[in-house]
Amino acid sequence: MCGIVGYVGDRQALDVVLEGLARLEYRGYDSAGIALVTGDPRATGLTTEKRAGKLAVLAGVLAEQAPPPSTTGIGHTRWATHGAPNDRNAHPHLDCTGRIAVIHNGIIENFSGLRAELQERGHVLVSETDTEVVAHLLEEVLVADGTGTWVDLAESVRRVARRLKGAFTLVVVDADQPDVVVGARRSSPLVVGRGDGENFLASDVTAFIAHTRRAIELGQDQVVELRRDRVQITSFDGSAAVVTEYEVDWDVAAAEKAGYEHFMLKEIAEQPRAVADTLIGRIDARGGLVLDEMRLSDADLREVDKILIVACGTAYHAGLIAKYAIEHWTRIPCEVEIASEFRYRDPILDRQTLVIAISQSGETMDTLMAVRHAREQHAQVLAICNTNGSTIPRESDAVLYTHAGPEIGVAATKTFLTQVVAVYLVALYLAQVRGTKYADEVREVIAELAVLPEKVEKVLETMEPVRELARSLVDARTVLFLGRHVGYPVALEGALKLKELAYMHAEGFPAGELKHGPIALIEEGMPVVVTVPSPRGRGVLHDKMISNIAEVRARGARTIVLAEEGDESVVDLADVLVRVPPTPTLLAPVVTTVPLQVLAYELAVARGFDVDQPRNLAKSVTVE
Ligand code: M6R
């Protein structure tokens, strides 16, 4: 939530900052702003510009009225929490003198008390944001420090950060201390990009990947002082921090559209590769699983007597699928919980509980809080994550990375498929270690996993009927999605995609539950999308689903049926039939989700909506 960029170097900071913001816009896009240290006397040495609306609005203003040259700057793209998305609440926020500029991601929970104090002391706050208090608190240290001692920007940020409660990434410039940008991080992401004679700060590496692949993730409660030739990281108390630099293993091309009309379309197309990459290096020569990187000992895994999965949104749906695989393959009881609910119900956890936190960004605050709660209760936490070095894996006992590459479209697509693959790997590994599956059985499933990329490719090649279908649904008021077993989370995911992208009312139901109420919704012509379990799997599941299709059809529904090639039992019940390659029951979501992603994408495009940046949303939700 909110994208942040900072730069010090020899280039024009405005160009670097705008380019970075363009890459981070997926994090929030209701307003944008920049601050440049320009030495311009008309503007107290600081030039700022901010505008409600997408980055293009700000860029347009800056193109018409170019700011003075500057090699030190910061920029922000906002997802509003406190205060409406208007020009006034856009970041940066300034102190009373206009010399200090602050941008922020997160929520400062004690801002109202601080605001009242500041107003009492004569400060004039002009926005409704929580952020603005930081600029005025810095002013008190930097400008009006009664002791008369000069305080540098990093020290002033440390002092102020110690007074703040909540989650925040702050990035600050001071016109009187040019050539330095200072950042602070608590429970919200901030990455340093190391260049030659220049350095970068950003919410994630995509902002500077075109310039450098050398990165340092800031740790919890740390402050960074960024200069042209030096990066100094300390804790909030001023002590030096231990710093680990790493090399990002993808380049700028991965974060670009590569000729696709939308990032989402590119990311859907990348799914075969993403699934294959997530399997690479995890299968040994004998067809067994190797998850050494997971950092949980086999002895610990043998002790596990309960698994709890926490996640949000699409990642939660991956968790629901995981439950079927984990319980079936390992016989360990497994529960799945929406992360934002988890800690409030006082879950029963102990050392034998394995908590699996699934998050593509690794920064989702609800999931992070669930992780912290689980660790406080002495549970072991395994993160499944797509973002190297992000907060959730760093705060977990172990991590299994998905290798989907950067996902820019706000709707999760390739990261979902790779999360599902990752949970299969974890479930199988547990089964292997605990002996609930024989080695040859594990190898059989692995062989099926290995052919999933081909199957997803095949689905993608046969999506024309889905595109046609989407065009016919443009005016539908409601779409229902039905599934059974692992098809139920697939139904939920199909409905979520349609809501977030095409802004259509959609619901996912377990097909058997329909007759307990929701079937009353069915009216003549209502589209009902049904994922049919494999007839080669548990026959009873398949047959029950056939009856459920007949039930909705009898009440006038227009049935859109996703079924395996060769399943002839569905032909007479389907108004529209979409075929998917035969896949074992538990692994089927990897193929059956794809047509639903394509359906949502096509419908959103047909209805004229912004697919990559749907309204009211942001890619990483870093507030609770
Ligand atoms: O980064 P995370 O996987 O933790 O994000 C969780 C959800 O916010 C995310 O999956 C969201 O539901 C997507 N926009 C769905 O497409």
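## Aspartate 179 and its backbone angle

In this predicted model, aspartate 179 sits in the loop that links β7 (166-174) to β8. How exposed is aspartate 179? Its relative accessible area is 33%, and because buried means under 20% and exposed means over 50%, aspartate 179 counts as partly exposed.

The backbone here deserves a second look. Most residues other than glycine have a negative phi. Aspartate 179, however, has a positive phi near 65°, although this residue is not a glycine.

## Serine 187, a buried loop residue

Moving along the chain, you can find serine 187 in the loop between β8 (181-186) and β9. Serine 187 also has a positive phi, near 55°, again in a residue other than glycine.

Is serine 187 buried or exposed? Its relative accessibility is 4%, and since the cut-off for buried is under 20%, serine 187 counts as buried. Try finding glutamine 220 in the structure as well: 33 residues separate serine 187 and glutamine 220 along the chain, yet their C-alpha atoms are 6.3 Å apart.

## Strand β9 and its two partners

After that loop comes strand β9, made of residues 191-194. In a regular strand, side chains alternate between the two faces of the sheet. You can follow this pattern in β9, where Val191 and Gly193 point one way while Val192 and Arg194 point the other. Residues on both sides of β9 are buried, and that includes Arg194.

Which strands pair with β9? One partner is strand β10 (residues 199-202), joined to β9 by four bridges in the antiparallel sense. Another is strand β11 (residues 214-217), which is also antiparallel to β9 and pairs with it over three bridges. Valine 192 is a handy landmark for both pairings: its bridge partner in β10 is leucine 201, and its bridge partner in β11 is isoleucine 216. The hairpin of β9 and β10 has four residues between the strands, and there glycine 197 takes a positive phi near 70°.

## Strand β1, covered on both faces

Now jump back to strand β1, which spans residues 3-8. Why is β1 described as largely enclosed by the rest of the structure? The reason is that six of its six residues are buried. On one side are Gly3, Val5 and Tyr7, and on the other are Ile4, Gly6 and Val8, so both faces of β1 are covered.

β1 also has antiparallel partners. Six bridges tie β1 to strand β4 (residues 72-78), with isoleucine 4 standing opposite histidine 76. Four bridges connect β1 to β10, where valine 8 stands opposite asparagine 199. β10 therefore pairs with β1 as well as with β9, because each of these pairs has at least two bridges.

## A cis peptide bond beside histidine 93

Between β4 and β5 there is a loop that contains proline 92. Most peptide bonds are trans. The bond between histidine 91 and proline 92 is cis, with omega at about 5°.

Histidine 93 belongs to strand β5 (residues 93-94). With a relative accessible area of 2%, histidine 93 is buried. Which backbone oxygens does the side chain of histidine 93 approach? The backbone oxygen of asparagine 89 is reached at 3.2 Å, and that of alanine 90 lies 3.3 Å from a polar side-chain atom of histidine 93.

## Around the ligand

How many residues surround the ligand? There are 14, and the closest are Ser359, Gln360, Ser361, Thr364 and Glu500. Some contacts can be traced atom by atom. An oxygen atom of the ligand is 2.4 Å from an N or O atom in the side chain of glutamate 500. Backbone atoms take part too: a polar one of alanine 412 is 2.8 Å from a ligand oxygen, and a polar one of valine 410 is 3.2 Å from a ligand nitrogen.

On its own, the ligand has 410 Å² of accessible area, and the protein covers 91% of this. The ligand takes up the space of the second largest pocket. Two elements, α9 (313-330) and α17 (487-502), each give two or more residues to the surrounding shell. The largest share, three residues, comes from α9.

How values were computed. Residues numbered from 1 in each chain as written. Predicted model: local features only at pLDDT ≥ 70, side-chain atom pairs only at ≥ 80, totals over all residues. Heavy atoms only, no water. Buried < 20%, exposed > 50% of the residue type's maximum accessible area, 1.4 Å probe, protein only. Near = heavy atom within 4 Å. Polar contact = N/O pair within 3.5 Å; in protein donor to acceptor, adjacent residues only side chain to side chain. Areas by Shrake-Rupley, 256 points an atom, 1.4 Å probe, with all protein chains shown as cover. 1 Å grid on protein atoms, 1.4 Å probe; cavity = no way out; pocket = protein on both sides within 12 Å on 5 of 7 lines; lining within 4 Å. Sits in = over half its atoms within 2 Å of the grid points.
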